Amino acid sequence: MALSTVGITPAETITTPQAGGVRRRRTSAGYVLTVCAFLLPSAIPLALFVLGPMIAAAWISFTEWNLITPMEFIGWANYQSLLADERTGEVFLHTLQYIAGYLPLVYIGGLALALALNRALKGRSLWRGIYFLPVVTSWIAVAIVWRWLLNPNNGVVNVALGWFGIDGPGWWTDPDWAMVSIILASAWKDLGFVMVILLAGLQSINPDLYDAAKVDGAGPWSRLKNVTIPMLSPSTFFVVVISLINGFQVFDQVYAMTGGGPGGSTQVVVQQIYDLTFRYGAAGEASALSWLLFIVILAVTVIQIIGQKKWVHYA
Amino acid sequence: MRDSLRTESRSSRKATPAAKSKSVVLHVAVIAGALAMFFPFLWTFITSITPGAGFSIAPQLWPGSPSFEAYQTLFTERPFARVVANSLGLALVTTVVQLFTSATAAYAFSRLPFRGRGVVFAIYLATMMIPLQVLIVPLFAELKAFGLLNTYLGALLPTFASAFGIFLLRQAINQVPRELDEAATLDGAGHFRVFTQIVLPNIRPALATLTVFAFMSSWNAFLWPLVVLRSPELQTLPIALAGLQGQYTTAWDVVMAGSVVSILPMLALYIFAQKYIIQGVASSGIK
């Protein structure tokens, strides 16, 4: 969503007044009242519950505060202690591990599905519907169901692996496999979302391009490489930007599947923010960490928007 | 989808044996994948009707004596009737309020020119980029100061305006021909009447999409309700479900029954509103 917003030109957002009558009313008190009546219902909640807290978070990040006793201004100390603390590096590393596993899985899987379901298939909308199903379910339900599927004692996945003589791993109980478990559950949940975005992209490709490529003697593989992939790049870009934003904010599934464990092996940034606030009473440090996270997300997004010129082709 | 005719005719034109066997392989792969995707849902349901399901017994593909007693446990020993009512109530209020605040704002951004509107719109959109996690601590403090912790209102207030909803509806209103407004204005209609009688009836599909999304996001919301709704009688489904997992570590039939109760309403909504949900997701990726 955020991305589509980036593409808006100023010319599009500012509509010219249609008639002289409107222009005259623009300055009248009645018109000002009308504008307020239409805007205030959304402006008040946004100001009170998004913009205000955003600024407050910046202030809190320079204080020591346990949510109960009065705040104490301590300057950059929270940021300094965060940067000195090796756990900060660890929680960012775990978050990156999650993204590195999740993004390729969900993109390649989603692309394969979109390509398959863009063809003439019997019962196509039913299959499409089933692949999309996990997207509408709650993260908590998904996490709990996957904990059950992947449980090492008599879990259905390990039992099935056993049929092939494979001794299944300890999944979320094993520090080496806990993040893999979270990645698998997340990819399962989001596959349908990526598929739908890429399907919409595939269907907006001009079919004449394929006919032209065929006339030039391009085979199916060459058409995928030279027509589909480049023409799909705006949708790919959207998927990558959104997945990275959401990936850095990964929390619900971690909270419900491992709670950051075992042995802190899946402690991600947001889980750390939550624990700092509500477990260790360090709301100032939590705010500082949340601002660091926001800056990282913003930087990653801006770099992608700048970098897109190199590989994203807008028709 | 609008390309279906095109691909259909193309494939029937060249029904060579090779193409036919390729199509069979494709069908088998897609269907096998769909079954694998669906299996966790099926397994959740099967576990929920298997009394005594847990880590100690081997999985059964169909329980020897299926029973719904886990659901009974949920609604008699646990306050799940209350929990479901909480989730439903919060989702309905969020949806109605978001429809109102999004439609009015979208109308202003589409039809009411004023100086600085572009900037205001940009600020609105920027709020979409702010992660909820950044807001958690100050929001918690703010609602504590208002005395709204542990109240429904506290859970609801931050969901009242949605930049995504405003963006979605503004795109839709921009598509409504301005000649319709002008005709109504000539008949003496003010902005309020143009809004309710011309614009709203013409953007029904977008309103339906937003309805589904607002409901879905409220029904599935976790982090904010977890922070603000601490007393058990106010909990929503995702929180009660997370708590259930902690308490019934051995009774997985009960935990899975809770999952079914949380998933089923979304499943029903999805079946009825599939078109709007997929449209909403697809349109978010296209400018």
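From the N terminus on, the elements of chain B run α-α-α-α-α-α-α-α-α-α-α-α-α-α. In this predicted model, chain B therefore holds 14 helices and zero strands. The radius of gyration of chain B is 24 Å, well over the 19 Å that the globule rule gives for 287 residues, so chain B is more spread out than a compact globule. Along the principal axes, the C-alpha atoms of chain B fill a box of roughly 75 × 70 × 35 Å. Of the 287 residues in chain B, 41% count as buried. When contacts in chain B between residues at least 6 apart in sequence are considered, 76% of them join residues at least 24 apart.

Two helices of chain B were examined individually. The 32 residues of α2(B) should span 46 Å at 1.5 Å a residue, and the end C-alpha atoms of α2(B) are 46 Å apart, which agrees. A kink of about 35° nevertheless lies at Phe38(B) in this helix, shortly before the proline Pro40(B). Pro40(B) is itself buried, as are Val30(B), Ala34(B), Thr44(B), Ile46(B), Thr47(B) and Ser48(B) in α2(B). Helix α11 of chain B, covering residues 204-220, has 17 residues and reaches 24 Å from its first C-alpha to its last, close to the 24 Å expected at 1.5 Å a residue. Buried residues in α11(B) include Phe213(B), Ala214(B), Phe215(B) and Met216(B), together with Trp219(B) and Asn220(B).

The loop between α2 (17-48) and α3 (69-76) of chain B contains Ser67(B). Ser67(B) has 14 other C-beta atoms within 10 Å; because a residue counts as buried at 20 or more and as exposed at 12 or fewer, Ser67(B) is partly exposed. Residues up to four places away in sequence being left out, Ser67(B) touches Ile49(B) and Pro51(B). Ser67(B) and Ser48(B) are 19 residues apart along the chain, and their C-alpha atoms are separated by 8.4 Å.

The contact between the two chains takes 81 residues from chain A and 88 residues from chain B. On the side of chain A that touches chain B, the largest share, 16 residues, comes from helix α4 (residues 29-60) of chain A. The residues on this side of chain A divide into 55 nonpolar, 22 polar and four charged. One residue that reaches across to chain B is Val145(A), which touches Pro40(B), Thr44(B) and Ser259(B). Val145(A) lies in helix α8 (residues 139-149) of chain A. With 24 other C-beta atoms within 10 Å, Val145(A) meets the cut-off of 20 or more and is therefore buried. Within chain A, Val145(A) and Ala185(A) are 40 residues apart in sequence and 9.0 Å apart in space, C-alpha to C-alpha.

The nonpolar residues in the interior were also grouped. In soluble globular proteins, nonpolar side chains tend to be buried together. The largest nonpolar core of the model has 162 residues, and those with the most contacts inside this core are Met195(A) and Leu169(B). Helix α10 (residues 178-203) of chain A gives the most to this core, with 16 residues. Apart from its neighbours within four places in sequence, Met195(A) is in contact with Gly110(A), Leu113(A), Ala114(A), Leu117(A) and Tyr131(A).

Definitions and conventions: Residues are numbered from 1 along each chain as its sequence is written. Chains are lettered from A and ligands numbered from 1 in the order in which they are written. This is a predicted model: local features need pLDDT of at least 70, side-chain atom pairs count only at pLDDT 80 or more; totals for chains, interfaces and linings use all residues. Two residues are in contact if their C-beta atoms, placed from the backbone, lie within 7 Å. Helices (H or I, at least four residues) and strands (E, at least two) are DSSP runs, numbered from the N terminus. Ala, Val, Leu, Ile, Met, Phe, Trp, Tyr, Cys and Pro count as nonpolar, Asp, Glu, Lys and Arg as charged, and the others, Gly among them, as polar. The expected span of a helix is 1.5 Å times one less than its number of residues. A nonpolar core is a set of buried Ala, Val, Leu, Ile, Met, Phe, Trp, Tyr and Cys residues joined through C-beta atoms within 7 Å. The radius of gyration is taken over C-alpha atoms; the globule rule is 2.2 Å times the number of residues to the power 0.38. The bend at a residue is the angle between axes fitted to the seven residues ending there and the seven starting there.
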